[in-house]
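Take a look at the model below. We will walk through it one piece at a time.

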Amino acid sequence: MDIRQIFGNNLKHYRTLADMSQAALAVKMGVDRAHVSSMERGQQNVTIITLWHVAQALNVEPAALLEDSVSS
(Lines give C-alpha, C1' and ligand atoms only; values in the text may rest on other atoms or scores of the structure.)
Protein backbone atom coordinates (compact mmCIF):
# COMPACT_ATOMS: atom_id res chain seq x y z
CA MET A 1 0.00 0.00 0.00
CA ASP A 2 1.12 3.55 -0.73
CA ILE A 3 2.43 5.44 2.33
CA ARG A 4 -0.03 8.27 1.60
CA GLN A 5 -2.91 5.77 1.89
CA ILE A 6 -1.47 4.34 5.09
CA PHE A 7 -1.11 7.83 6.57
CA GLY A 8 -4.62 8.78 5.43
CA ASN A 9 -6.19 5.64 6.89
CA ASN A 10 -4.37 6.15 10.18
CA LEU A 11 -5.29 9.83 10.27
CA LYS A 12 -8.97 8.96 9.88
CA HIS A 13 -8.67 6.13 12.44
CA TYR A 14 -7.14 8.34 15.14
CA ARG A 15 -9.41 11.30 14.31
CA THR A 16 -12.45 9.04 14.71
CA LEU A 17 -11.08 7.64 17.99
CA ALA A 18 -10.71 11.22 19.21
CA ASP A 19 -14.36 11.82 18.25
CA MET A 20 -13.22 14.78 16.16
CA SER A 21 -14.67 16.00 12.87
CA GLN A 22 -12.48 16.91 9.93
CA ALA A 23 -13.45 20.54 10.52
CA ALA A 24 -12.42 20.40 14.19
CA LEU A 25 -9.08 18.83 13.31
CA ALA A 26 -8.53 21.43 10.62
CA VAL A 27 -9.11 24.23 13.14
CA LYS A 28 -6.63 22.66 15.60
CA MET A 29 -4.06 22.38 12.82
CA GLY A 30 -4.73 25.79 11.29
CA VAL A 31 -5.62 24.37 7.86
CA ASP A 32 -8.72 24.07 5.71
CA ARG A 33 -11.11 21.13 6.18
CA ALA A 34 -10.58 20.19 2.53
CA HIS A 35 -6.88 19.70 3.28
CA VAL A 36 -7.71 17.20 6.04
CA SER A 37 -10.11 15.41 3.70
CA SER A 38 -7.44 15.25 1.00
CA MET A 39 -4.91 13.81 3.45
CA GLU A 40 -7.38 11.15 4.59
CA ARG A 41 -7.98 10.12 0.98
CA GLY A 42 -4.23 9.73 0.44
CA GLN A 43 -4.06 12.55 -2.08
CA GLN A 44 -1.54 14.68 -0.19
CA ASN A 45 2.19 14.23 -0.01
CA VAL A 46 2.45 15.62 3.54
CA THR A 47 5.57 17.21 4.93
CA ILE A 48 7.23 16.16 8.16
CA ILE A 49 5.90 19.38 9.72
CA THR A 50 2.34 18.47 8.72
CA LEU A 51 2.85 14.98 10.13
CA TRP A 52 3.95 16.55 13.41
CA HIS A 53 0.95 18.94 13.46
CA VAL A 54 -1.48 16.07 12.87
CA ALA A 55 0.14 14.01 15.63
CA GLN A 56 0.01 16.94 18.07
CA ALA A 57 -3.62 17.69 17.24
CA LEU A 58 -4.64 14.05 17.72
CA ASN A 59 -2.33 13.46 20.71
CA VAL A 60 -0.56 10.48 19.11
CA GLU A 61 3.06 9.72 18.33
CA PRO A 62 4.02 10.72 14.76
CA ALA A 63 5.21 7.17 14.06
CA ALA A 64 1.71 5.84 14.81
CA LEU A 65 0.43 7.68 11.74
CA LEU A 66 2.84 5.73 9.53
CA GLU A 67 2.28 2.21 10.89
CA ASP A 68 0.89 -0.16 8.29
CA SER A 69 -1.01 -2.29 10.84
CA VAL A 70 -3.01 0.38 12.72
CA SER A 71 -6.19 0.35 10.63
CA SER A 72 -7.55 -1.65 7.74
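A polar contact is a pair of N or O atoms within 3.5 Å; within protein, one must be able to donate a hydrogen and the other to accept it. Keep that cut-off in mind, and remember that this is a predicted model.

Start at the beginning of helix α3. There, a side-chain oxygen of Asp 32 comes within 2.9 Å of the backbone nitrogen of Ala 34. Helix α3 itself covers residues 33-40. Just beyond the helix sits Gly 42, with a positive phi near 75 degrees.

Now look at which side chains of α3 are hidden. Val 36, Ser 37, Ser 38, Met 39 and Glu 40 are its buried residues. What covers them? The cover includes α1 (3-17), α2 (22-29) and α4 (48-58).

His 35 also belongs to α3. Is His 35 buried, exposed or partly exposed? It counts as partly exposed, because its relative accessibility is 24% and the partly exposed range lies between 20% and 50%. Setting aside neighbours within four places in sequence, His 35 is in contact with Gln 44 and Thr 50. Ile 49 lies 14 residues from His 35 along the chain, and their C-alpha atoms are 14 Å apart.

Move to helix α2, where you will find Gln 22. Gln 22 has a relative accessible area of 17%, so it is buried. Its side chain makes a polar contact of 3.0 Å with the side chain of Arg 33. Beyond four places in sequence, Gln 22 touches Arg 15, Arg 33, Val 36, Ser 37 and Glu 40. Three of those names should ring a bell: Val 36, Ser 37 and Glu 40 are among the buried residues of α3.

Next, see how α2 meets α4. Their axes come within 9 Å and cross at roughly 115 degrees. The crossing is right-handed. From α2, the contact uses Leu 25, Lys 28 and Met 29. From α4, it uses Thr 50, His 53, Val 54, Ala 57 and Leu 58. Sorted by type, the residues of this contact are 5 nonpolar, 2 polar and 1 charged. Thr 50 is also one of the residues in contact with His 35.

A general point about helices helps here. An α-helix has 3.6 residues a turn, so residues three or four places apart point the same way.

Now for the inside. The largest nonpolar core has 17 residues. Those with the most contacts inside it are Phe 7, Leu 11, Leu 25, Met 39, Val 54, Leu 58 and Leu 65. Each of α1, α2, α3 and α4 supplies at least two residues of this core. Which helix gives the most? It is α4, with 5 residues.

Follow one core residue, Leu 65. Not counting residues up to four places away in sequence, Leu 65 touches Ile 6, Phe 7, Asn 10, Leu 11, Tyr 14, Leu 51, Val 54, Ala 55 and Val 60.

Finish with two backbone oddities. Most residues other than glycine have a negative phi. Asp 19 is not a glycine, yet its phi is positive, about 55 degrees. Asp 19 sits in the loop between α1 and α2. With 73% relative accessibility, Asp 19 counts as exposed. Asn 59, also not a glycine, has a positive phi near 60 degrees. Asn 59 lies in the segment after α4. Its relative accessible area is 72%, so Asn 59 is exposed.

Technical notes:
Residues are numbered from 1 along each chain as its sequence is written. This is a predicted model: local features need pLDDT of at least 70, side-chain atom pairs count only at pLDDT 80 or more; totals for chains, interfaces and linings use all residues. Side-chain values use heavy atoms; hydrogens and water are left out. Helices (H or I, at least four residues) and strands (E, at least two) are DSSP runs, numbered from the N terminus. Buried means under 20% relative accessible area, exposed over 50%, partly exposed in between (1.4 Å probe, protein chains only). Contact means heavy atoms within 4.5 Å. A nonpolar core is a set of buried Ala, Val, Leu, Ile, Met, Phe, Trp, Tyr and Cys residues joined through side-chain atoms within 4.5 Å. Axes are lines fitted to C-alpha atoms, for helices over the stretch in contact, and angles run from 0 to 180 degrees between N-to-C directions. A crossing is left-handed if the near helix is turned anticlockwise from the far one by less than a right angle, and right-handed if clockwise. Ala, Val, Leu, Ile, Met, Phe, Trp, Tyr, Cys and Pro count as nonpolar, Asp, Glu, Lys and Arg as charged, and the others, Gly among them, as polar.
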